[in-house]
Amino acid sequence: MTDSRRGILLGLGAYLCWGLLPLYLKLLDGVLPGEVVAQRILWSLIFMAGLILLRGRWAALRAAFTNPRAMLILTTTALLIALNWLIYVWAVANDHVLEGSLGYFLNPLVNVSMGVIFLKERLRPAQLFAVALAAAGVAILAASAAAGLWISLSLALSFAFYGLLRKIAPVESIEGLTVETILLAPVALIYVLWLAGQGQLVFGQHPGMSVLLALAGVVTAVPLLLFAAAARLLRYATMGLLQYLAPTLIFLQAVLLFGEPLTLPYVVCFAAIWTGLAIYAVDGVRHGRRQPNTPVA
């Protein structure tokens, strides 16, 4: 399997998981967003420790901690992903799923821009047209959602910078995510203990909800691992446009399942984005047929 094909499969897996995440978060109704994020961090740490042990990656994990450049990048990405989680969980809990979908519609455009600016990637004419068409649709949607625009912009920028930094971090995806969770775990634990002291901790009080919170480790870690692996195999612009899968699923859930109103700007944006994606996909297939396959070692 070529690097590109493998990366696309990994990326699709990550974005499918993220696209269905609101369904999981809605099951946690009544849990404070801060506790949801803290539980995600703590259970992710347990999950990642088991994965490191199973795959015998302790030496690589120690190497990451002794690499100053890696630690600087991963400290930054840990803060970015924690901020992204907190804003998104709050948005879903407070019926701002459409604003969340807008944030992840914006994010691929930010990814493409960063790929061009920081990684010196170049887009073919058809790709430029596809991105411009999607950008026009997102601009219409952004203009109609000014009240929740801070949610959208915060989600888009935090995750775009997270993806860029993880792409250049000199560590593999498993070690990188483990380091991030280790760095965040002390703060998460302190917050959970504080909630317990205030009598506001849900975990341990309701069996069903406790199980759902415990699953947060898998729900959090698996798509991040898939994303980090895909980002190392694909061009950043390709990663950015693949990500439209997640906000599209989020958008559909917001309208069809959660009853959030569908306005004309959303309809226009949705049509523009998927038209742009179709153009980008056709161009990618045509270009790929002219390129030799590069096997994965």
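**Notebook: Ser44, two helix pairs, cysteines**

Started with Ser44: at 1% relative accessibility I have to call Ser44 buried, because the cut-off for that is under 20%. Note to self that this is a predicted model, so local features need pLDDT of at least 70.

**Ser44, continued**

I looked up where Ser44 sits, and the answer is helix α3, which covers residues 33–55. Next I asked what Ser44 touches, leaving out residues up to four places away in sequence. My list reads Gln39, Thr181, Ala216, Gly217, Thr220 and Ala221. I then checked Ala221 by backbone: its C-alpha atom is 5.9 Å from that of Ser44, with the two positions 177 residues apart along the chain.

**α9 and α11**

Ala221 turned up again here, so I followed it, because α11 runs over residues 216–231. How do α9 and α11 pack? I get an angle of about 130° between α9 (residues 173–197) and α11, and the axes lie 9 Å apart. That angle makes α9 oblique to α11. The crossing of the pair is right-handed. From α9, I noted Ser173, Ile174 and Leu177 in the contact. From α11, the partners are Ala221, Leu224, Leu225, Ala228 and Ala229. I sorted the residues of this contact and got 7 nonpolar, 1 polar and no charged.

**α1 and α13**

Second pair on my list: α1 (residues 3–19) with α13 (residues 245–256). Here the angle is about 20° and the axes are 8 Å apart. I wrote the pair down as roughly parallel, since angles under 35 degrees count that way. What is the hand of the crossing of α1 and α13, left or right? Right-handed, according to my check. On the α1 side I have Leu12, Tyr15, Leu16, Trp18 and Gly19. They meet Leu245, Ala246, Leu249, Ile250 and Gln253 of α13. Sorting this contact gave me 8 nonpolar, 2 polar and no charged residues.

**Cysteines**

Last job: how many disulfides does a search of the whole structure find? I came away with 0. I still looked at two cysteines for accessibility. Cys17 is at 34% relative accessibility, so I logged Cys17 as partly exposed. Cys269 is at 1%, so that one went down as buried.

Conventions. Residues numbered from 1 in each chain as written. Predicted model: local features only at pLDDT ≥ 70, side-chain atom pairs only at ≥ 80, totals over all residues. Heavy atoms only, no water. Disulfide = S-S within 2.5 Å. Buried < 20%, exposed > 50% of the residue type's maximum accessible area, 1.4 Å probe, protein only. Helix = DSSP H or I, 4+ residues; strand = E, 2+ residues; numbered from the N terminus. Contact = heavy atoms within 4.5 Å. Axes fitted to C-alpha atoms, helices over the stretch in contact; angles between N-to-C directions. Parallel < 35°, antiparallel > 145°, perpendicular 65-115°, else oblique. Left-handed = near helix turned anticlockwise from the far one by under 90°. Nonpolar A, V, L, I, M, F, W, Y, C, P; charged D, E, K, R; others polar.
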